[in-house]
Amino acid sequence: MSSFSDPVIISCSISGVIANRDQCPAIPYTPEEYAAEARRAVDEGASQIHIHARKPDGTPSYEVEDFQAITEAILAEVGDVIVNYSTGAIGIPLEKRIEYLRACKPDVAALNMSSMNYAKYSRRRKDFVFKAVFENSFDTIIEFLTAMKELGIKPEHECFDSGHVANLDPLVDMGLLEPPLQISLVMGVTGGIRPTPRNVTLMSDQIPGGPEGPNQWQVIGISRDQWKLLASSLVLGGNVRAGVEDNLYLPNGEMCRSNGDLIAKARQMAEDIGRRPASVAEARELLGVPKRAAA
């Protein structure tokens, strides 16, 4: 059987914390807007929703009550979907990020796999839009992993360069990780790997067990290079993520009207090569994420 007959897990990065409505009116701020965007994404084929919390005025939030309100609104609107929380932040104490995991218990939580320079550069301005050191030491990673294991949360390993994928090896050897792993190849952030299709192959080849092995992997493409990167993932058998956190534009240069527009394009790309979006139940099975207990 061709690998292209396999379902593809399509994730939606529903908001992010950097862009705002001055840049794209589709970015949700309130729990009700998150829920409406989740409905549009799920209706177009998304089975996993990646959440950065915001306050209703749009400012980023790391507070339990905001994650809780957004999650409750999404689940009330779409029923069963895999809920995935961001844990990445600069200047926010690790304990605070674990606090909202402990209180809300998402299905999955992102886990950044290495420290790095993290920046956005403007060629037009000849300057950085922002730049910072993103700390993700092994001590931080292990503390997150210990908390996630205790809480029954599946980690999503975000890797911004090929060496970040290799950081999985000692954690597997230590018995801190259990297959199937969920590995995200993040491409297009200044400070990380360049966003080229050849680098999708390079990074996917580093996945423990290989790209066709027991572990699940997806490509996260940042900015307008996203579409060629997602296409490369799809033909290599990987999963994909789209949404307004990652990129605001469709391949023709038109700004999206919603997350649904971006997920619909990712679904179409998968279908064009003979793949289909995974159902939530299929995605849970592939990722090793059990169905959420009824409230």
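**Close-up 1. R292 and its salt bridge to D107.** In this predicted model, R292 is partly exposed, with a relative accessibility of 29%. Its partner is D107, and the closest N and O atoms of this salt bridge are 2.4 Å apart. D107 is the buried side of the pair, with a relative accessible area of 9%. R292 sits in the segment after α10 (280-287), while D107 belongs to the loop between α3 and β5 (108-112), so this contact ties together parts that are 185 residues apart in sequence. And the pair has company: salt bridges with shared partners join R292 and D107 with D80, R284 and K291 into one network.

**Close-up 2. R102 meets E150, helix to helix.** Here R102 and E150 make a salt bridge, with 2.9 Å between the closest N and O atoms. R102 comes from helix α3 (residues 94-104) and E150 from helix α4 (residues 138-151), so the bridge ties together parts that are 48 residues apart in sequence. How do the two ends fare for exposure? R102 is partly exposed, at 36% relative accessible area, whereas E150 counts as exposed, at 56%.

**Close-up 3. D66 and K55, a loop pinned to a helix by charge.** The side chains of D66 and K55 meet in a salt bridge, 3.1 Å from N to O. D66 is part of helix α2, K55 is in the loop between β3 (48-51) and α2, and the two are 11 residues apart, a link between distant parts of the chain. Buried or exposed: which is D66? With a relative accessibility of 12%, D66 falls under the 20% cut-off, so it counts as buried. K55 comes out as partly exposed, with a relative accessible area of 31%. If you'd like the wider tally, a search of the whole structure finds 20 salt bridges.

**Close-up 4. F67 against Y85, a tilted ring pair.** The count of aromatic pairs comes to seven. One of them is F67 with Y85, whose ring centres are 4.7 Å apart and whose planes make an angle of 45°, which puts the pair in the tilted class. F67 lies in helix α2 (residues 64-78) and Y85 in strand β4 (residues 82-85); they are 18 residues apart, and the pair links distant parts of the chain. Both rings belong to buried residues: F67 has 1% relative accessibility, and Y85 has 0%.

**Close-up 5. Y121 and F128, edge to face.** What arrangement do the rings of Y121 and F128 take up? Their centres are 5.3 Å apart and their planes stand at 70°, so this is an edge-to-face pair; the cut-off for that label is over 60 degrees. Y121 is partly exposed, with a relative accessible area of 37%. F128 also counts as partly exposed, at 35% relative accessibility.

**Close-up 6. A ring cluster of four residues.** Y118, F130, F134 and F160 are the members to look for here. Ring pairs link these residues into a cluster.

**Close-up 7. Two arginines over tyrosine faces.** Which rings have an arginine over the face? One is Y29, where R21 lies 3.9 Å from the ring centre. Another is Y249, with R224 over its face at 3.8 Å from the ring centre.

Note on methods
Residues numbered from 1 in each chain as written. Predicted model: local features only at pLDDT ≥ 70, side-chain atom pairs only at ≥ 80, totals over all residues. Heavy atoms only, no water. Phe/Tyr/Trp six-rings, centres within 6.5 Å; stacked < 30°, edge-to-face > 60°. Helix = DSSP H or I, 4+ residues; strand = E, 2+ residues; numbered from the N terminus. Buried < 20%, exposed > 50% of the residue type's maximum accessible area, 1.4 Å probe, protein only. Lys NZ or Arg CZ within 6 Å of the ring centre and 35° of its normal. Salt bridge = Lys/Arg side-chain N within 4 Å of Asp/Glu carboxyl O.
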